Amino acid sequence: MYLRQAAAALVRRTPVPLRTVAASRCAKIDNATSASLSSKMEHLNQYGSEGYTSRGHHKDIWTWIFISGHAALVLGLNGQPVLAEDVSIELSSKNDVGGPNLTGLRKIEDGSVISNTHTSKWRIFTDQGRELFLQGKLEEAENFFLSALQEAKEGFGEKDPHVASSLNNLAELYRVKKLFDKAEPLYVEALNILEESFGPEDIRYNISVVGATLHNLGQFFVMRKKLEDAQICYERALKIKRRVLGHDHTDYADTMYHLGMVLYLQGKIKDSEALIQDSIRILEDGGLGESTIYIRRLRFLAQVYSKSNQPAEAENAQRKILHVMELSKGWNSLDTVIAAEDLALTLQSIGRLREAQELLQRCLDARKSLLPEDHIQISANLLHMARVTMLSSSQLRKKDSCEAISELDKAKDLLGNSIRIAQHVVDKLKENGKLKNHKWSRATERERHAALVILLQSLDTLGLLEITRHELLKSKGEHQPFLEAENVLRQCISAFKEFQEEGGSISNSGAVKGEYLSCLKHLSSLLITDNTTFQELNEEIERVKIELSQSHKSKTSSS
């Protein structure tokens with residue numbers, strides 16, 4: 001009972017941003033209870049199709065872990081936190097010492113009793129360190145965590161679970177500071193302490209290790225891209241949870257999902273799909289079929305289907321998501337809009353253009369009612385609609401060239417508005433940066449990156465539209481120069497170079513350079529007869545290709 005109270009108290013005390021956390025439920029196992037929350041971690045937050053920017057299902061799929069004085073709060077790869085046991089309390093009546101007057105005291109190995117002064121100090125230092133950690137004051141937090149570790153060692157002994165909890169805190173802080181060589185041995189030491197403190201058949205040991213240290217260590221290995229080590233951690237955790245909690249427990253499903261994500265990152269697609277599907281089924285059977293975590297897992301599964309060329313399965317998953325979002329939030333929510341947009345893009349990919357266009361129009365109407373008229377998401381929405389309209393024109397090309405040209409005109413209007421909004425956002429953020437002496441926040445940098453990518457994509461798409469229009473008119477006997485297409489593509493290149501001249505990381509990002517490369521290639525195809533310009537463009541194309549290749553190799557080697 002005290003464990004439940006401690007866990008509940010921690011939940012009340014722990015400040016977690018509403019943006020990133022949503023509630024979840026957890027089942028009970030006899031008298032040993034593991035409390036679970038659901039944390040909404042941003043997950044591949046795209047404004048549009050893959051390669052745009054990122055949209056918040058996972059800003060970052062890696063770990064975010066907090067450990068408090070009362071319990072270990074673990075935010076994992078999929079954002080499912082687990083509350084570990086409070087190591088400062090008695091978990092078995094046979095360990096009680098001396099009767100009611102010693103309530104809150106803890107017996108150690110030599111049979112003596114340590115007063116709760118040490119426990120109080122440990123909790124105070126840990127709580128202060130945690131608060132500073134949450135505020136981003138990592139140096140100050142480190143000092144408190146080190147003090148908490150020292151207090152635990154002096155008060156309870158080198159191999160006490162208090163020490164394991166403090167080691168976990170320090171390990172997570174070092175992970176955030178990217179001091180990975182310091183973090184890893186601390187995680188391992190904490191795990192070893194818990195293994196020595198409890199027997200492998202002890203349910204308390206199993207819940208503690210799976211819910212905190214072993215889970216943290218698996219997350220750490222994922223972040224270091226040590227996927228085989230992460231797989232071993234999660235497989236071990238899965239085996240323990242299956243034995244202790246059972247096949248239908250939500251915590252068991254959580255570890256199953258983590259393992260499925262690791263297998264996906266390893267390229268084991270079928271095994272990954274099976275685990276993620278089972279984790280989703282357990283949530284459905286447990287009455288969590290409308291929860292945030294359920295939606296997140298379905299969304300990830302849909303992405304797996306899309307990337308493995310299973311559009312029918314992706315469509316089914318996305319329709320489930322949209323159905324839940326419509327029922328729970330309605331169309332006055334951007335979450336519903338994003339779900340509908342994902343489905344529309346899948347329908348577009350399999351040629352069901354009318355359905356895709358209808359959904360995208362509904363998304364646009366909803367966004368206009370929810371967002372400012374010059375918001376970058378509206379620009380991206382217009383770009384999607386233009387692309388679908390261009391595909392419709394392509395289908396009409398052989399049947400009715402006049403109707404095909406009419407569709408291109410519609411697409412051109414959509415692209416014109418998309419470019420206007422994206423350019424406005426770029427200019428506005430640039431002006432704000434000048435006022436602040438170029439000190440942009442991370443959020444502003446992300447918005448500038450998104451705006452530039454969408455601007456380049458819209459300009460490149462408009463260039464392709466003008467090329468297509470030229471070909472259609474030529475087939476009708478009307479000959480026009482490629483002047484409009486050339487001007488648009490040159491505008492695209494100029495937009496990139498303007499950012500490049502400013503310096504910074506945006507023009508060096510793979511997404512931005514990829515769009516710049518596309519514009520170069522399309523312009524080169526138009527100027528093939530201009531030997532000098534054609535050669536200069538091809539030299540620039542080869543240079544950008546080499547840069548992108550080197551960047552990819554660098555990322556691969558670092559992982």
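Is cysteine 492 buried or exposed? In this predicted model, cysteine 492 is buried, with a relative accessible area of 0%, and the close-up views below begin with this residue and its partner.

**View 1. Cysteine 492 and cysteine 519 form a disulfide.** The sulfur atoms of the two residues lie 2.0 Å apart, and a search of the whole structure finds 1 disulfide. A disulfide is a covalent bond between the sulfur atoms of two cysteines. Because cysteine 492 belongs to helix α17 (residues 483-502) and cysteine 519 to helix α18 (residues 510-526), the pair ties together parts that are 27 residues apart in sequence. The link is right-handed, with 70 degrees about the S-S bond. Cysteine 519 is buried, at a relative accessible area of 0%. Elsewhere, cysteine 363 also counts as buried, at 0% relative accessibility, whereas cysteine 402 counts as partly exposed, at 46%.

**View 2. Aspartate 460 is buried yet has no salt bridge.** This residue sits in helix α16 (residues 442-475), and the nearest side chain of opposite charge, that of arginine 387, is 6.6 Å away. A salt bridge here requires a nitrogen and an oxygen within 4 Å, so the distance of 6.6 Å to arginine 387 goes with the absence of a bridge at aspartate 460. Not counting residues up to four places away in sequence, aspartate 460 touches Leu489, Cys492, Ser518, Cys519 and His522, and Cys492 and Cys519 are the two residues that form the disulfide of the first view.

**View 3. Phenylalanine 496 and tyrosine 516 form a stacked aromatic pair.** A search of the whole structure finds 7 aromatic pairs. In the pair of phenylalanine 496 and tyrosine 516, the rings are 3.9 Å apart from centre to centre, with 15 degrees between their planes. The pair links distant parts of the chain, with phenylalanine 496 in helix α17 and tyrosine 516 in helix α18, 20 residues apart. Phenylalanine 496 counts as buried at 1% relative accessibility, and tyrosine 516 likewise counts as buried at 1%.

**View 4. Lysine 430 forms a salt bridge with glutamate 498.** The closest N and O atoms of these two side chains are 2.7 Å apart. Side chains of opposite charge can pair when their charged atoms come close. Lysine 430 lies in helix α15 and glutamate 498 in helix α17, so that the pair, 68 residues apart, links distant parts of the chain. Glutamate 498 is partly exposed, with a relative accessible area of 37%.

**View 5. Arginine 397 and glutamate 471 meet in a salt bridge.** The distance from N to O is 3.4 Å. Arginine 397 is in the loop between α14 (376-396) and α15 (401-435), while glutamate 471 is in helix α16, and the two residues are 74 residues apart. Arginine 397 is partly exposed, with a relative accessible area of 34%, and glutamate 471 also counts as partly exposed, at 37% relative accessibility.

**View 6. Glutamate 445 forms a salt bridge with arginine 448 within helix α16.** The closest N and O atoms are 3.1 Å apart, and the two residues are 3 residues apart, about one turn of the helix. Glutamate 445 is partly exposed, with a relative accessible area of 22%, whereas arginine 448 is buried, with a relative accessible area of 4%.

Conventions: Residues numbered from 1 in each chain as written. Predicted model: local features only at pLDDT ≥ 70, side-chain atom pairs only at ≥ 80, totals over all residues. Heavy atoms only, no water. Disulfide = S-S within 2.5 Å. Helix = DSSP H or I, 4+ residues; strand = E, 2+ residues; numbered from the N terminus. Buried < 20%, exposed > 50% of the residue type's maximum accessible area, 1.4 Å probe, protein only. Lys, Arg positive; Asp, Glu negative; His and termini not counted. Contact = heavy atoms within 4.5 Å. Phe/Tyr/Trp six-rings, centres within 6.5 Å; stacked < 30°, edge-to-face > 60°.
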